[in-house]
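Biologist: Please take one part of this model, the aromatic side chains, and look at it closely for me. I would like to know how the rings are arranged and what surroundings they have.

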Amino acid sequence: MSGQCYGCGAEFSFFKKEHGCKNCGFAFCSNCLPQKAAVPKLDNTKHHVCNRCFDILTGKAQPQDTGRRSPPAAYLK
């Protein structure tokens with residue numbers, strides 16, 4: 001396995017598994033997918049989503065440009 005968590009930048013390994021946010025599809029570790037929310041494109045069933053998608057799906061934040069997201073600070077190091 002290779003790659004890094006999109007949220008914290010941790011390397012994926014045998015012990016740190018890669019999980020996908022069911023809303024945006026980006027790869028995260030289990031620590032960065034702490035919450036569940038109803039995902040409209042999956043028949044409003046509850047799934048683990050990243051913090052950003054959780055805020056958008058629950059109405060705490062307005063969706064911005066859904067095209068591209070800038071990388072987290074961990075990638076810029």
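Modeller: Let me begin with Phe-26, which counts as partly exposed at 28% relative accessibility; on this scale, with a 1.4 Å probe and protein chains only, buried means under 20% relative accessible area, exposed over 50%, and partly exposed in between. Please keep in mind that this is a predicted model, in which local features need pLDDT of at least 70 and side-chain atom pairs count only at pLDDT 80 or more, while totals for chains, interfaces and linings use all residues. Residues are numbered from 1 along each chain as its sequence is written, and side-chain values use heavy atoms, with hydrogens and water left out.

Three aromatic pairs turn up in a search of the whole structure, where rings of Phe, Tyr and Trp (its six-membered ring) pair if their centres lie within 6.5 Å, planes under 30 degrees apart counting as stacked, over 60 as edge-to-face and the rest as tilted. Phe-26 and Tyr-6 have ring centres 4.5 Å apart and planes at 25°, so this pair is stacked. The two residues are 20 apart and belong to distant parts of the chain, Tyr-6 lying in the segment before strand E1 (19–20) and Phe-26 in the loop between E1 and strand E2 (27–28); strands here are DSSP runs (E, at least two residues) and helices likewise (H or I, at least four), both numbered from the N terminus.

Tyr-6, in contrast to its stacked partner, counts as buried, because its relative accessibility is 13%. Tyr-6 also forms an edge-to-face pair with Phe-28, at 6.1 Å centre to centre and with 80° between the planes. This pair, too, links distant parts of the chain, from Tyr-6 in the segment before E1 to Phe-28 in strand E2, 22 residues away. Phe-28 is buried, since its relative accessibility is 4%, and together Tyr-6, Phe-26 and Phe-28 form one aromatic cluster.

Phe-28 leads from the rings to the interior. The largest nonpolar core has 14 residues, and Phe-28 is among those with the most contacts inside it, as are Cys-5, Cys-21, Val-49 and Cys-50; such a core is a set of buried Ala, Val, Leu, Ile, Met, Phe, Trp, Tyr and Cys residues joined through side-chain atoms within 4.5 Å. Strand E3 (35–39) and helix H1 (51–57) each supply at least two residues of this core. Leaving aside residues up to four places away in sequence, Val-49 touches several residues, including Cys-21, Leu-33, Ala-37, Phe-54 and Leu-57, a contact being heavy atoms within 4.5 Å.

The cysteines around this region deserve a careful word. No disulfide is counted, a disulfide being a pair of cysteine sulfur atoms within 2.5 Å. For Cys-8 the closest cysteine sulfur, in Cys-5, is 3.7 Å away and therefore too far for a bond. Cys-21 is in no disulfide either, as the nearest cysteine sulfur, that of Cys-24, is 3.6 Å away. Cys-21 counts as buried at 4% relative accessibility, whereas Cys-8 is partly exposed with a relative accessible area of 38%.

As for the setting of the cluster, the chain comes to two helices and four strands, which follow the pattern β-β-β-β-α-α along the sequence. Of its 77 residues, 23% are buried.
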